[in-house]
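Reader: Hi! I've just opened this one and could use a friendly tour. Where shall we begin?

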Amino acid sequence: MEMQERKEREINLLELFWGILFSWRQIICFGIIFAVAVGGIRYVKDLRAYQAAQNSKDEKQEEELAEDEMQQVIEARNLMLRIKEYEDYLASSALMQMNLYAKPVVELQYYVDSDYTFNYTQESQNDYTGDLLAMYCSYIMSGEMSNRVIEDANLSVKLEDFSEFWTVSKNENSISIEVTCPEEEKMEIVAESIKTQLNKKEIEFQEIGAHKLKLLVESENVVVDNTLIDRKNAISNNIATINSQLNSLKNTLSEQQLELVTSEWEGNEDGNQKVLRPGFSFMYMIVGAVFGIFLICIWVACKTILTVKFQNPEEIRTLYNARLLGEVCIEPKKKRFLSIIDEKLLSIKNRKRKKLTIKQQINMVTENIALSCKQQGIGCIYMTGSEYEAIDTSTLDMLKQELSAQDIQVKEGGNILYDAKSLRKGTEVGNIVFIEQKGQSIYDEIFKELNLANEQKNNIIGFVVLI
């Protein structure tokens, strides 16, 4: 075989197209990332411009107002803020959402029986009963007690809201506890949880002074809470009163003052057009997604065009003017994420090709090698390749077994460019079959090993490509 000259590799547009399609995971990821990034950047930019224009206009209008007129604007804003605070409380408070005319409550009354005694005849210690009462009250109102009750009874209420459900009072040596239970059927569980926790604290608080915590009264009732009803009505009346004050104040304000009071809308310089607060632009998100997809497609195309690794079995004929003895398709490792899509794409790509098993592909390759050997009177061949050490061993074993069955002796070795022993053994045998792998073998190394074999006057039978 003559020495090979370098040829320019032609780009197969169909293979490039399928390479882009098989990169669908990267396409989806880049599309989403750039859609969010471009949409987010545009939103931040519009929001800053909106806030700057709003602040600029507010400052301009405020400068135009007299001091007493600006004071009226501030007063109106304060009234609106108070209304909002009241409305937010009524809407968010779990206690206020309950039926106050049928409120389930748990009532417990404890007596702290301390061992403190006063002796006139000798010096005695200070009375610690008051400290004990304060410690118990503090613990009952603490987040620890509330959290434990919520967990034990599995109540559908937040810890910060449950603090409103407690009422604790002390009178001389007794403590009265009233707990609102948001779920009537769980009143008994709530009562047991409270008693359990207080019994544990009784042991701990003995360090303050010897005492006994006696449960005097325990009851579970559904009551009408007139105090809370009055409180709720008072808040509603406050909202109505402040609204009346706000409306009266607004009637005395100019259009310029009203515009400053209302913060949800903003006018342009002539004050005629109304614009809303900016939001995410789907148009820019689509543009970002298209740009991301275009970018990854360009990346895949550049990687395919500029690659140094062997891509197409037909390039054995077109680039190296050598014989292609056959192809063996190695089953690729399935990717975990939606591998069924890869299988569908592969079936569409190979829809006009007859699918052969690996065994059938090996038989076709060995028959080609055996026929060439018989025509040339060859009984022994040497198998090598630029990435021979990395080739799937099971495929090589099947190939060698089939060749042995054809009475062809097989010897093998590594890359003859870097392995001197392999070069010597290959030259001694004189008949070489190159095994190359798509996506692994390097164009330049194939070219060099082919020329090196020709320089040593070896007979190049052909190439087998694993894909």
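Author: Happy to help! Keep in mind that this is a predicted model. A good place to begin is helix α1 (residues 13-21) and helix α11 (residues 282-306), whose axes come within 10 Å and cross at roughly 130 degrees.

Reader: Okay, and why do α1 and α11 count as oblique to each other?

Author: Angles over 145 degrees count as roughly antiparallel and 65 to 115 as roughly perpendicular, with 35 degrees as the limit for roughly parallel. The crossing is at roughly 130 degrees, so α1 and α11 are oblique to each other.

Reader: Got it. In which hand does α1 pass α11?

Author: The crossing of α1 with α11 is right-handed. On the α1 side the contact is made by Leu16, Gly19 and Ile20, and on the α11 side by Cys297, Val300, Ala301 and Thr304.

Reader: What sort of residues are in that contact of α1 with α11?

Author: Five are nonpolar and two are polar, with no charged ones.

Reader: Nice. Switching topic: how do α5 and α8 cross?

Author: Helix α5 (residues 129-140) and helix α8 (residues 187-204) have axes that come within 11 Å and cross at roughly 140 degrees. This pair is therefore oblique, and α5 passes α8 in a right-handed crossing.

Reader: And which residues make the contact there?

Author: From α5 you have Tyr136, Tyr139 and Ile140, and from α8 there are Gln197, Leu198, Lys201 and Glu202. By class, that gives four nonpolar, one polar and two charged residues.

Reader: I clicked on Glu144. What does Glu144 touch?

Author: Leaving out residues up to four places away in sequence, Glu144 touches Tyr139 and Lys201. Both Tyr139 of α5 and Lys201 of α8 take part in the contact we just went through. Glu144 itself lies in helix α6 (residues 143-153). Glu144 and Gln197 are 53 residues apart in sequence, and their C-alpha atoms are 9.8 Å apart in space.

Reader: Cool! How about the largest nonpolar core: which residues touch the most other members?

Author: That core has 51 residues, and Phe162, Trp166, Ile177, Val190, Ile194 and Leu198 touch the most other members. Helix α9 (residues 226-251) gives the most to this core, with seven residues.

Reader: What does Val190 touch?

Author: Not counting residues up to four places away in sequence, Val190 touches Val106, Val149, Ala153, Leu155, Val179 and Cys181. Apart from the core of 51 residues lies another one, of 22 residues, including Ala370, Leu403, Ile408 and Val433.

Reader: Thanks, that helps a lot!

Methods. Residues are numbered from 1 along each chain as its sequence is written. This is a predicted model: local features need pLDDT of at least 70, side-chain atom pairs count only at pLDDT 80 or more; totals for chains, interfaces and linings use all residues. Side-chain values use heavy atoms; hydrogens and water are left out. Axes are lines fitted to C-alpha atoms, for helices over the stretch in contact, and angles run from 0 to 180 degrees between N-to-C directions. Helices (H or I, at least four residues) and strands (E, at least two) are DSSP runs, numbered from the N terminus. A crossing is left-handed if the near helix is turned anticlockwise from the far one by less than a right angle, and right-handed if clockwise. Contact means heavy atoms within 4.5 Å. Ala, Val, Leu, Ile, Met, Phe, Trp, Tyr, Cys and Pro count as nonpolar, Asp, Glu, Lys and Arg as charged, and the others, Gly among them, as polar. A nonpolar core is a set of buried Ala, Val, Leu, Ile, Met, Phe, Trp, Tyr and Cys residues joined through side-chain atoms within 4.5 Å. Buried means under 20% relative accessible area, exposed over 50%, partly exposed in between (1.4 Å probe, protein chains only).
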